[in-house]
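Subject: Structure handover and findings

Dear colleague,

I am passing on the structure we spoke about, and below it you will find my notes on what came out of the analysis. Please read them with the coordinates open beside you.

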Amino acid sequence: MALTTSPREQTRFPNVLILESVLNSTAVSDLAGRPADVTTIDIDNQSNAAAFVKLYDAVDASVSNVPVIIIMVMNGTRRVVELPTGVAFTKGITARCVTAGGTAGVGDPAGGNVGVSIVMR
């Protein structure tokens, strides 16, 4: 996993880009390091199967946590989801990617990486 965030200069550029180049079933905790509103989610699924990206309003998330957002992306495709008014994450943003939807999915995507970019403010 490689986490990258853009610089944050709140006056002129209030949005921040978070890039996780390899997302799997191990939760990446507190991506933003603070509460945030998510406005765009860009998922590139290069694995061999459908992938489900789950975002949690938490600074850490176990499999038993209920995700705020679940997005399915078919293998070999890219999907961009725009949320113009933003979705509030009041505690933090934690993410994982698995091969089954719903709360209980735990399998890792195989045969390629699933990358996720998140724009937040």
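The protein holds 0 helices and 8 strands, so that, read from the N terminus on, its elements run β-β-β-β-β-β-β-β. Please keep in mind throughout that this is a predicted model, and that every value below was computed from it. Of the 121 residues in the protein, 41% are buried.

**The open sheet**

Three of the strands, in the order β5-β4-β7, form an open sheet with antiparallel pairing. The edges of this sheet are taken by β5 (69–73) and β7, and because each has a single partner strand, one side of each is left without a neighbour in the sheet. From one strand to the next, the twist averages 15°.

The strand with residues 51–57, β4, is joined to β7 by 6 bridges, the two running antiparallel, and in this pairing F52 stands opposite V98 in β7. On the β5 side, 5 bridges join β4 to β5, again in an antiparallel arrangement, and here K54 is the residue that stands opposite I70 in β5.

Although β7 stands at an edge of that sheet, the strand (residues 93–98) is mostly covered, with 6 of its 6 residues buried. Its side chains alternate in direction, in that I93, A95 and C97 point one way whereas T94, R96 and V98 point the other way, and all of them are buried.

**Strand β3 and its partners**

Strand β3 (residues 36–45) is likewise mostly covered, as 8 of its 10 residues are buried. It is joined by 9 bridges to β6 (residues 77–89), the two strands running antiparallel, and one facing pair in this arrangement is D37 with A88 in β6. A further 7 bridges join β3 to β8, which are also antiparallel to each other, and I43 stands opposite V116 in β8.

One charged residue of β3 may deserve your attention, namely D42, which is found in this strand. With a relative accessibility of 14%, D42 counts as buried, because the cut-off for that class is under 20%. The side chain of D42 makes a polar contact with the side chain of R78, at 2.3 Å.

In β6, I would also point you to V87, which lies in that strand and counts as partly exposed, at 23% relative accessibility. The C-alpha atoms of V87 and M120 are separated by 9.1 Å, although these two residues are 33 residues apart along the chain.

**The cavity**

How many cavities of 30 Å³ or more does the structure hold? There is 1, and the volume of the largest cavity comes to about 30 Å³. Its lining consists of I18, E20, L23, L31, A95, V116 and I118, and both β2 (16–20) and β8 (114–120) supply at least two residues of that lining. By class, the lining has 6 nonpolar, no polar and 1 charged residues.

Two of the lining residues link this part of the description to what was said above: A95, which lines the largest cavity, is among the buried residues of β7, and V116, also in the lining, is the residue of β8 that stands opposite I43. Another lining residue is E20, which lies in strand β2 and is buried, with a relative accessible area of 3%. Between the C-alpha atoms of E20 and A95 the separation is 9.3 Å, while the two residues are 75 residues apart along the chain.

**A backbone detail**

Finally, there is a point to check in the loop between β2 and β3, which is where D30 has its place. The phi angle of D30 is near 45°, a positive value in a residue other than glycine. With a relative accessible area of 27%, D30 is partly exposed.

With best regards

How values were computed. Residues are numbered from 1 along each chain as its sequence is written. This is a predicted model: local features need pLDDT of at least 70, side-chain atom pairs count only at pLDDT 80 or more; totals for chains, interfaces and linings use all residues. Side-chain values use heavy atoms; hydrogens and water are left out. Buried means under 20% relative accessible area, exposed over 50%, partly exposed in between (1.4 Å probe, protein chains only). Helices (H or I, at least four residues) and strands (E, at least two) are DSSP runs, numbered from the N terminus. Two strands pair if DSSP finds at least two bridges between them. On a 1 Å grid over the protein atoms alone, a cavity is a set of points where a 1.4 Å probe fits but cannot get out, and a pocket is an open set with protein on both sides within 12 Å along at least five of seven lines; lining residues have an atom within 4 Å of a point. Grid points are joined across faces, edges and corners, and a volume is the space filled by probe spheres set on the points. Ala, Val, Leu, Ile, Met, Phe, Trp, Tyr, Cys and Pro count as nonpolar, Asp, Glu, Lys and Arg as charged, and the others, Gly among them, as polar. Axes are lines fitted to C-alpha atoms, for helices over the stretch in contact, and angles run from 0 to 180 degrees between N-to-C directions. A polar contact is a pair of N or O atoms within 3.5 Å; within protein, one must be able to donate a hydrogen and the other to accept it, and residues adjacent in sequence count only if both atoms are side-chain atoms.
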